[in-house]
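Q: I am new to this structure and would like a close look at one pocket. Please start there, then follow the links to other parts of the chain.

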Amino acid sequence: MSEGSNVQFSEREALLFHSTGRPGKIEIIASKPMATQRDLSLAYSPGVAVPVRAIAEDPATAYDYTAKGNLVAVISNGTAILGLGNLGPLASKPVMEGKAVLFKRFADVDAIDLEVATEDPEAFINAVALLEPSFGGINLEDIKAPECFMIEQTLRERMNIPIMHDDQHGTAIITAAGLINACYLTKRDIRDISVVVNGAGAAAIACTELIKAMGVPSDRVIMCDRSGVIYQGRQESMDQWKSAHAVKTDRRTLTEALVGADVFLGLSAANVLTGEMVKAMAPEPIIFAMANPDPEITPPAARAARPDAIIATGRSDYPNQVNNVLGFPFIFRGALDVRATTINDEMKIAAARALAELARQQVPEEVALAYGGVAPSFGRDYIIPAPFDPRLMEIVPAAVAQAAMDSGVARRPILDMEEYRDSLKARLNPTTGVLSMAYEGARQHPKRVVFAEAEEEAVLRAAIAFRDGGYGIPVLVGRDDVPERLKALGVDDPASFELHNSRISPLVPKMVDFLYERLQRRGYLRRDVQHLVNTDRNIFGALLLALGEADAMISGVTRTYSETMRQVRRVIDPLPGRKPFGIHILVGRSHTVFMADTTVNERPSASDLADIAEQTAAVARKMGHEPRVAFLSYSTFGNPPGAWLENIREAVAILDARQPSFEYEGEMAPDVALNPAMKKYYPFSRLSGPANVLVMPGLQSANLSAKLLRELGGDSVIGPMVVGMQHSVQIATMASTASELVTLAVLAAGGIAR
């Protein structure tokens, strides 16, 4: 039961992440223009009086004129923070801000964190209930049991908006989805299975209640806590919530309860389930060991005891992660969109079934990135969808919304579900999911990445984050003072990093032989080559790639892009029949634009432009987008005429002959390519929507545009990414931050730009 991963990082890095720039993780951004006095008059006085009167007359219009319908409060009193216990409301704020970020990132739900300074359930309930006019829904978080049960139940009775304690129901929904598929694979009927639940906290009780609502008979579920089996008549350590799940049985221990059981649901503590207990379970046992961070039994230990078991945990480094982020953003998305008055069992079950069904479908290419390019298929190690599957946003909210309508709790039914599903897909940018998948893919298949400028602090910080994040093995190229620099950055054991000094490396003779053979007919003497290998970090790093000592390389922060590229090209050739070029990727909230070539070819020919279009379209597809290519120019379809249009028209003609599987058009000005309103003036354009691949006519305009957008634009900018080299090399800009370098290193390792 997790919302993150088991990525490692230093305390310093975590604190820097939260403190650098604007402290914290969220900010408020106006959704309407605020540039002029007229804007302010409409936003506030006197214009705001109009919607005020409208809402007073009809409170339902608050959803039309305010942000209420897309606003969730994430509320805690800090009594059960993650696995850290009762540290108080203020200490819970980083977690609640993080939850708000997840709402936005995964489902485009705006969320505000509220930390309430009371452990009195009645005071907490009263404080939250009074907030109903402000929010479209309430996500309760990190509230200890058993108070959380009473708090949630009372708030659901008193408030007329969706309320969910995610620690309970988020875990329950994902668990139920996995259980559906585990039963399917083992040919079990959920109405006949026997289940042992270990743990009697919020998540355990919610899981138990949900699987019973789905059809598991009450008398076939045995719940255990620290005192053993919760049986009818037990007096020790009981409360009304445990009593509701007490069964008539003569079994008294977890060991006894598991004999012949089909399913183990663990929401308790590490290592409480032994191999001997697993051996006593029914054939093909289903084991959900969800204690966090360490499960009740590790998958290798469970499989050693029972090779036929299906196993899930809360960890991302094992198959079948029970991850709450698969649930709560999308459940609230669907509930908000139909203005549901509550989140009921029907909606939870619909979410679980939608997740189970999604896991059975063919996995898209962008999800396959997390699995080394090989798409996982439904089976014992894939019963729960990947957290970054882009289809989650389309499938789960739609199922929840439909269940809300069918169960009578929707105040604004959706009339056209297909249109609604299309609108869900449009709310998020697929690139963000693919980048997350690339990071996960790097962790699943770590590569050796050369960091060629290891004397630079930004490079060292990136290398530390790359290694500590589990994304791969950094290979540092630098001088003998690098260990001291690592120590200054908080690395306890600098010797744990692989460091190459180009002056004394034992690889130098082999490198000189290799490079001299390449350059001897280009005017280089052997001593010249020796000097290059000894003194040029980029050449030394590129030679590590060429000789198979590493898988990818990142450089560029100490020299200009063109100079770094020249050095790399002395060692590494382009792919056969390809010209290398650069792509800047502009990532907005709901859009991505790929701009090429922004770094290499000064005046590309028509054939070059066509090749750049095809290769950039391929990168766009890897990033989850259906390419729509625009060949940009100052002229749109010949107006105004000019001397530099023919090669663009020829490039379009070349693609006409090749008949690629993507849309393309040109020549056209940027506004015609990007602004849908311009379509009415050019109805014959072959682009069905705004272009997302912009092929620039020449390096001057391309590079200027990319750098202006980086400095002035509101979008995040990735790159430039080098495409078309025989080995995976990425060249950063001189102003790149450590975070940007890590992203380029991950993309280089994952081969997205190949």
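A: In this predicted model, the second largest pocket has a volume of about 970 Å³. Its lining is made of 42 residues. Which of them lie nearest its centre? They are Leu428, Asn429, Pro430, Gly624 and His625. By class, the lining holds 21 nonpolar, 10 polar and 11 charged residues.

Both helices and strands feed this lining. Eight elements each supply at least two residues. The helices are H5 (93-107), H16 (365-368), H17, H18 (417-427), H19 (430-444) and H29 (699-712). The strands are E16 (592-596) and E17 (628-632). Which helix gives the most to the lining? That is H18, with four residues.

Now follow H17. This helix supplies at least two residues to the lining of the second largest pocket. Ala398 is one of the residues found in H17. Is Ala398 buried or exposed? Ala398 has a relative accessible area of 3%, below the 20% cut-off, so Ala398 counts as buried. Which residues does Ala398 touch? Setting aside residues up to four places away in sequence, Ala398 touches Met417, Tyr420, Arg421 and Leu424. Ala398 can also be placed against Ala335. The two are 63 residues apart in sequence. In space, their C-alpha atoms are 9.4 Å apart.

The largest nonpolar core comes next. This core has 108 residues. Ile138, Leu140, Leu155, Val195 and Met347 touch the most other members. H17 (residues 392-406) provides the largest share of this core, 10 residues. H17 thus appears in two places: in this core and in the lining of the second largest pocket. Another core, of 63 residues, lies apart from the largest one. Its members include Tyr471, Val491, Val629 and Phe631. Such grouping has a general background. In soluble globular proteins, nonpolar side chains tend to be buried together.

Take Val195 for a closer view of the largest core. What is Val195 in contact with, beyond its neighbours within four places in sequence? The list is Ile211, Val216, Arg220, Val221, Ile222, Val263 and Leu265.

Next, the cysteines. How many disulfides are there? The count comes to zero. Cys207 is one case. Its closest cysteine sulfur belongs to Cys148, 13 Å away, and a disulfide needs the two sulfurs within 2.5 Å, so this pair is too far apart for a bond. Cys224 is in no disulfide either. Its nearest cysteine sulfur is that of Cys207, 15 Å away. Cys207 is buried, at 1% relative accessible area. Cys224 is buried too, also at 1%.

The backbone has its own details. Two peptide bonds are cis. One runs from Gly666 to Glu667, with omega near 0°. Glu667 is found in strand E18 (residues 663-668). The other runs from Gly719 to Pro720, with omega near 10°. Pro720 is found in strand E20 (residues 716-723).

Positive phi angles deserve a look as well. Asp142 is not a glycine, yet its phi is positive, about 55°. Asp142 sits in the loop between strand E3 (137-140) and helix H7 (147-158). Asp142 counts as buried, at 3% relative accessibility. Asn271 is not a glycine either, and its phi is also positive, about 65°. Asn271 is in the loop between strand E8 (263-266) and helix H12 (275-279). Is Asn271 buried or exposed? Its relative accessible area is 59%, over the 50% cut-off, so Asn271 is exposed.

One more loop residue rounds off the tour. Where is Asp294? Its place is in the loop between strand E9 (286-289) and helix H13 (299-305). At 40% relative accessibility, Asp294 counts as partly exposed. Beyond its neighbours within four places in sequence, Asp294 is in contact with Ala270 and Arg315. Asp294 and Glu440 are 146 residues apart in sequence. Their C-alpha atoms are 20 Å apart in space.

Notes: Residues numbered from 1 in each chain as written. Predicted model: local features only at pLDDT ≥ 70, side-chain atom pairs only at ≥ 80, totals over all residues. Heavy atoms only, no water. Core = buried A, V, L, I, M, F, W, Y, C linked by side-chain atoms within 4.5 Å. Buried < 20%, exposed > 50% of the residue type's maximum accessible area, 1.4 Å probe, protein only. Contact = heavy atoms within 4.5 Å. 1 Å grid on protein atoms, 1.4 Å probe; cavity = no way out; pocket = protein on both sides within 12 Å on 5 of 7 lines; lining within 4 Å. Points joined across faces, edges and corners; volume = space filled by probe spheres on them. Nonpolar A, V, L, I, M, F, W, Y, C, P; charged D, E, K, R; others polar.
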